[in-house]
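Biologist: I would like a close look at a single part of this protein. Please take me through the pairing of its strands, then widen the view.

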Amino acid sequence: SKEEIKESVSNIYNSTKKVYNFLNNLLEWTQLQTGRMEVEKTRINLKALVDETMDLYSEMADKKDITLKVNVPENIFIYADRYMIETVLRNLVSNGIKFTKPGGSVSVTAIVNNGEVEVVVADTGIGISPENQKKLFRIDDQFRVEGTAHEKGTGLGLILCKELVEKNKGTIRVESEEGKGSRFIFTVPLFDENAG
């Protein structure tokens, strides 16, 4: 029937997207490990980058009835590798959607603090136990859990995020409570208008 064909095509599309994301993360991580990923820092409007990322995941969020919120001032410019920070945002926002139940929300906020920008990707999702928080950014002790709609993860996304943030002279950490959501906080240098 038409409905069965539609469902099959949707399943194939979703499976293909998961494989693509996995291969993308694996390729990026491999390039980092072999020193083949160059850092090309430029002046980036953070709000524009966050808006682009949220637009990319709006359909995914709509399907799960999850609200996406952005609270990033228009005038914040960061000095970083655009592709790397975009990858970090993509991973954190998609994780937020993956681990949030219908009716919840995922938000991105940013503040300037001592020459750097603190970016917070927060969700109202299932949260992470203190024990599992310790495993999140480690390749030798990976932690994986299904999303709220049984989405699968690879365990590589957050490890990649950590390395990409550190390549841009930033840090990343998590604050989370089971059943109350998670906040992933990373820093990135503020663009200095007076430098150079």
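Which residue in strand 3 is the bridge partner of Ile44?

Modeller: The bridge partner of Ile44 in strand 3 is Ile78. Keep in mind that this is a predicted model. Now look at the two strands around that bridge. Strand 1 covers residues 41-45. Strand 3 covers residues 77-81. They pair in the antiparallel sense, over five bridges. Strand 3 is mostly covered, too. Of its five residues, four are buried.

Next, step back to the whole chain. It has six helices and seven strands. Follow the sequence and you meet them in the pattern α-β-α-α-β-β-α-β-β-α-α-β-β. The chain has 196 residues, and 42% of them count as buried. Its exposed surface is about 11,200 Å². Carbon and sulfur atoms supply 50% of that surface. Contacts also reach along the sequence. Take those between residues at least 6 apart: 74% of them join residues at least 24 apart.

Now turn to the open sheet. Five strands form it, in the order 2-4-5-7-6, and the pairing is mixed. Strand 2 (67-71) and strand 6 (172-177) are the edge strands, so each pairs on one side only. From one strand to the next, the twist averages 15°. Inside this sheet, find strand 4 (residues 105-113) and strand 5 (residues 116-123). They pair in the antiparallel sense over eight bridges. One residue pair to pick out is Thr109 with Val120, its bridge partner in strand 5. Helix 4, residues 82-98, packs on the sheet. Helix 4 touches strand 2, strand 4, strand 5, strand 6 and strand 7 (181-189). The direction of helix 4 makes about 175° with that of strand 7.

Finish with one residue in a helix. Gln133 lies in helix 5, which spans residues 130-133. Gln133 counts as buried because its relative accessibility is 18%, and the cut-off is under 20%. The side chain of Gln133 reaches the backbone oxygen of Ile128 at 3.0 Å. Set aside the neighbours within four places in sequence, and Gln133 is in contact with Ile128, Val174 and Ser176.

Terms used: Residues numbered from 1 in each chain as written. Predicted model: local features only at pLDDT ≥ 70, side-chain atom pairs only at ≥ 80, totals over all residues. Heavy atoms only, no water. Buried < 20%, exposed > 50% of the residue type's maximum accessible area, 1.4 Å probe, protein only. Polar contact = N/O pair within 3.5 Å; in protein donor to acceptor, adjacent residues only side chain to side chain. Contact = heavy atoms within 4.5 Å. Areas by Shrake-Rupley, 256 points an atom, 1.4 Å probe, with all protein chains shown as cover. Axes fitted to C-alpha atoms, helices over the stretch in contact; angles between N-to-C directions.
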